[in-house]
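Subject: Structure handover

Hello,

Please find the structure below, followed by notes on what was found in it.

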Amino acid sequence: MIAIGSDHGGFLLKQEIVAHLKEQGIEVIDFGCDSAQSVDYPVYAKKVANSVLKKEATLGILICGTGIGISIAANKIKGIRCALCHDTFSARATREHNDANILALGGRVVGAGLALCIVNEFLNIPFSHDPRHINRISQIEDKF
């Protein structure tokens, strides 16, 4: 199960990602927004993050115009490791090394084709469980 949310700047890309995931048989919890009308991204960051923390969803996807604001908002929540990615290498690395649990995308930055490749990479790459990475994640969790 994947939790997804966006503000108005990410609405169109969110719609494409939801359709893509459903075509692959992946269940989606869509927390909105439901149109291109202006809304506040922290609302959706919090909804998706809480769904991931409660284990209602295994991973989350957040989208705003640039991906920056919504990722900052999500990362304010303890236990969330939200990574803003603009390429597949970053999506792979953040899952393998950081065990990121939410992917952030910029709806006005990344085209739909690339975004779907980034999503696929993020969802299909497992955490490496390398002791170095486990130690670093523990340091992040302990310090903040």
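Strand 4 (residues 82-84) pairs with strand 5 in the parallel sense, over 3 bridges. Within that pairing, A83 has L103 of strand 5 as its bridge partner. Please keep in mind that this is a predicted model.

The sheet

These two strands belong to an open sheet of 5 strands, ordered 2-1-3-5-4 with parallel pairing. The edges are taken by strand 2 (28-30) and strand 4; each has a single partner strand, so one side of each has no neighbour in the sheet. From one strand to the next, the twist averages 20 degrees.

On its other side, strand 5 (residues 102-106) pairs with strand 3, again in the parallel sense and over 5 bridges. Two of the bridge partners in strand 5 can be named here: I102 for G60, and L105 for I63. Strand 3 also pairs with strand 1 (residues 2-6), in the parallel sense over 5 bridges. There, I63 of strand 3 is the bridge partner of S6. I63 therefore has a bridge partner in strand 5, namely L105, as well as its partner S6, which fits the order 2-1-3-5-4.

Burial of the inner strands

How many residues of strand 3 are buried? The count is 6 of the 6 residues in 59-64, so strand 3 is largely enclosed by the rest of the structure. In a regular strand, side chains alternate between the two faces of the sheet. In strand 3, L59, I61 and I63 point one way, while G60, L62 and C64 point the other way, and all are buried.

Strand 5 is mostly covered as well, with 5 of its 5 residues buried. Both of its faces are covered: I102, A104 and G106 lie on one side, L103 and L105 on the other, and all are buried.

Helices on the sheet

Which strands does helix 3 touch? Helix 3 packs on the sheet and touches strand 1, strand 3, strand 4 and strand 5. Its direction makes about 140 degrees with that of strand 3. Helix 5 (residues 112-124) lies across strand 1, strand 3 and strand 5. Relative to strand 5, helix 5 runs at about 170 degrees.

Helix 2 against helix 3

Helix 3 (residues 68-75) also packs against helix 2 (residues 41-53), at an angle of about 50 degrees and with the axes 8 Å apart. That angle makes helix 2 oblique to helix 3. The crossing of helix 2 past helix 3 is right-handed. On the helix 2 side, the contact is made by Y41, P42 and A45; on the helix 3 side, by G69, I70, A73 and A74. Sorted by class, this contact has 6 nonpolar residues, 1 polar residue and no charged residues.

Regards

Technical notes. Residues are numbered from 1 along each chain as its sequence is written. This is a predicted model: local features need pLDDT of at least 70, side-chain atom pairs count only at pLDDT 80 or more; totals for chains, interfaces and linings use all residues. Side-chain values use heavy atoms; hydrogens and water are left out. Axes are lines fitted to C-alpha atoms, for helices over the stretch in contact, and angles run from 0 to 180 degrees between N-to-C directions. Helices (H or I, at least four residues) and strands (E, at least two) are DSSP runs, numbered from the N terminus. Angles under 35 degrees count as roughly parallel, over 145 as roughly antiparallel, 65 to 115 as roughly perpendicular and the rest as oblique. A crossing is left-handed if the near helix is turned anticlockwise from the far one by less than a right angle, and right-handed if clockwise. Contact means heavy atoms within 4.5 Å. Ala, Val, Leu, Ile, Met, Phe, Trp, Tyr, Cys and Pro count as nonpolar, Asp, Glu, Lys and Arg as charged, and the others, Gly among them, as polar. Buried means under 20% relative accessible area, exposed over 50%, partly exposed in between (1.4 Å probe, protein chains only). Two strands pair if DSSP finds at least two bridges between them.
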